[in-house]
Amino acid sequence: MGPPPPRPLSPRALASGRVPCTRRYRTTFPGPNMALLCRVLFAQHRSAQRFFSNGTQILHKSMEAFQSKFFPPLQKAMLPPNCFQGKVAFITGGGTGLGKGMTTLLSSLGAQCVIASRKIDVLKATAEEISSQTGNKVHAVQCDVRDPEMVQNAVSELIKVAGLPDVVINNAAGNFISPTERLSPNGWKTITDIVLNGTAFVTLAIGKQLIKSGKGAAFLAITTIYAESGSGFVVPSASAKAGVEIMNKSLAAEWGRYGMRFNVIQPGPIKTKGAFSRLDPTGAFEKEMIDRIPCGRLGTVEELANLAAFLCSDYASWINGAVIRFDGGEEALISGEFNSLRKVTPEEWDTIEGLIRKTKGS
């Protein structure tokens with residue numbers, strides 16, 4: 001049994017010639033037949049509902065979520081057991097969300113993990129939880145990555161309790177949604193200090209120690225898909241994460257001679273409590289996120305952790321300077337000029353084809 005037929009476009013979208021639920025609103029059918037085409041399609045669907053007029057339950061019935069059955073998330077470890085045995089991993093923002101997920105997987109694969117963030121009580125609870133689950137010691141080190149002195153002290157503590165790291169994951173982040181004209185200088189500085197300066201401080205402090213000791217390591221930064229495209233309403237984050245990507249690609253070229261690799265993951269929407277509480281506090285945007293993901297669902301922490309572990313493992317020793325998009329196809333869909341035509345029904349395509357064939361010179 002195949003997927004249900006596509007939902008018709010809304011009257012508003014048809015009348016305006018623009019397609020909803022994309023970041024880029026562009027004319028769908030440019031040219032002299034635009035007005036005629038819109039009138040025809042509008043007449044066919046005068047009673048059509050708005051796409052998300054029935055609440056969140058429609059997600060489980062619509063075409064956009066139907067295809068998710070073809071892309072079920074696997075929750076088990078991808079790499080073989082003990083492949084990080086004898087290795088040390090340092091993860092910033094390791095107490096919650098993605099950082100906690102990556103730490104859990106690396107620890108289960110044999111790594112001795114050291115996690116860092118500002119809230120030591122959260123860190124200690126996470127360290128104890130993961131240690132009891134995996135049987136490997138996880139160390140908690142308090143660190144505000146915005147403060148270079150605290151970063152230096154945290155690196156010293158890292159070396160003291162576990163040794164120089166084989167894996168460094170720059171995952172500490174801060175973000176919130178806001179119209180850019182409402183941003184204060186302090187709001188801008190807070191995000192860029194955590195994301196860009198924090199990543200730089202950690203990378204420089206550890207990198208210099210590695211160079212001094214003649215030891216290599218795999219560095220990984222967690223950014224976002226809009227670091228490449230840009231995005232309104234999260235301008236400090238977009239700017240800072242773009243800087244993180246350029247820094248990692250630059251160091252991939254410069255510090256490869258010291259045995260260091262630098263790669264980046266750009267996650268799409270992955271539901272974690274911390275991120276969604278600031279970026280989708282009401283839950284109103286989640287259904288629209290799913291609508292623009294071709295795989296029909298949000299990503300999971302476990303999937304990202306598997307990708308991160310692979311990129312930091314010896315299996316990826318020839319991957320350096322890479323930026324991996326991990327978003328279920330979201331960026332590909334919203335970047336294509338005509339991708340929202342997926343909502344056009346077969347009957348509407350018949351009408352469109354007839355109009356096109358009548359156009360002179362076709």
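**Helix H14**

Select Arg357 and Glu353 to begin: in this predicted model their side chains meet in a salt bridge, with 3.0 Å from N to O. Both residues belong to helix H14, which covers residues 346–358, and they sit 4 residues apart, about one turn of the helix. An α-helix has 3.6 residues a turn, so residues three or four places apart point the same way. Arg357 counts as exposed, at 61% relative accessibility, while Glu353 counts as partly exposed, at 40%.

Now select the whole of H14. Its 13 residues should span 18 Å at 1.5 Å a residue, and the end C-alpha atoms are 19 Å apart, which agrees. Which residues of H14 are buried? Colour Glu348, Thr351, Ile352 and Leu355 to see them. Turn the view to look down the axis of H14: the buried residues fall within an arc of 95 degrees, so they line one face of the helix. Then colour Glu347, Asp350 and Arg357, which are exposed and lie on the face of H14 turned away from its buried side. The Arg357 of the salt bridge with Glu353 is thus one of the residues on that exposed face.

**Other salt bridges**

How many salt bridges does the count come to? The count is 12. Side chains of opposite charge can pair when their charged atoms come close.

Select Lys100 and Glu129 next. Their side chains meet in a salt bridge of 3.0 Å, N to O. Lys100 lies in helix H4 (residues 97–108) and Glu129 in helix H5 (residues 120–134), so this pair ties together parts that are 29 residues apart in sequence. Lys100 is partly exposed, with a relative accessible area of 24%, and Glu129 is partly exposed too, with 38%.

Move on to Asp144 and Arg146. These two form a salt bridge whose closest N and O atoms are 2.9 Å apart. Is Asp144 buried or exposed? Asp144 counts as buried, at 15% relative accessibility, because the cut-off for buried is under 20%. Its partner Arg146 is partly exposed, with a relative accessible area of 30%.

For a group rather than a pair, select Asp291, Arg342 and Lys343. A network of salt bridges links these residues.

**Strand E6 and its partners**

Select residues 260–267, which make up strand E6. Of the 8 residues in E6, 8 are buried, so the strand is largely enclosed by the rest of the structure. Show the side chains. In a regular strand the side chains alternate between the two faces of the sheet. Met260, Phe262, Val264 and Gln266 point one way from E6, whereas Arg261, Asn263, Ile265 and Pro267 point the other way, and all are buried.

Add strand E5, residues 217–222, to the selection. E5 and E6 run parallel and are joined by 6 bridges. To find one pairing, pick Ile222, whose bridge partner in E6 is Ile265.

Then add strand E7, residues 323–326. E6 and E7 also pair in the parallel sense, over 4 bridges. What stands opposite Gln266 in E7? That residue is Arg325.

**Thr199 in helix H7**

Select Thr199, which has its place in helix H7 (residues 185–213). At 5% relative accessibility, Thr199 counts as buried. Show what surrounds the residue: leaving aside its neighbours within four places in sequence, Thr199 is in contact with Asn170, Ile194, Val244 and Met247.

**Two cysteines**

Select Cys113 and Cys143. Cys113 is buried, with a relative accessible area of 0%, and Cys143 is buried as well, at 4%. There is no disulfide to look for, as the count comes to 0.

**The whole chain**

Finish by showing everything in cartoon form. The secondary structure of the protein comes to 14 helices and 7 strands. Colour by burial next: buried residues make up 48% of the 362 residues in the protein. What share of the contacts with a separation of 6 or more comes from residues 24 or more positions apart? Such residues account for 76% of those contacts.

Definitions and conventions:
Residues are numbered from 1 along each chain as its sequence is written. This is a predicted model: local features need pLDDT of at least 70, side-chain atom pairs count only at pLDDT 80 or more; totals for chains, interfaces and linings use all residues. Side-chain values use heavy atoms; hydrogens and water are left out. A salt bridge is a side-chain nitrogen of Lys or Arg within 4 Å of a carboxyl oxygen of Asp or Glu. Helices (H or I, at least four residues) and strands (E, at least two) are DSSP runs, numbered from the N terminus. Buried means under 20% relative accessible area, exposed over 50%, partly exposed in between (1.4 Å probe, protein chains only). Contact means heavy atoms within 4.5 Å. Two strands pair if DSSP finds at least two bridges between them. A disulfide is a pair of cysteine sulfur atoms within 2.5 Å. The expected span of a helix is 1.5 Å times one less than its number of residues. The arc is that of the directions from the helix axis to the C-beta atoms.
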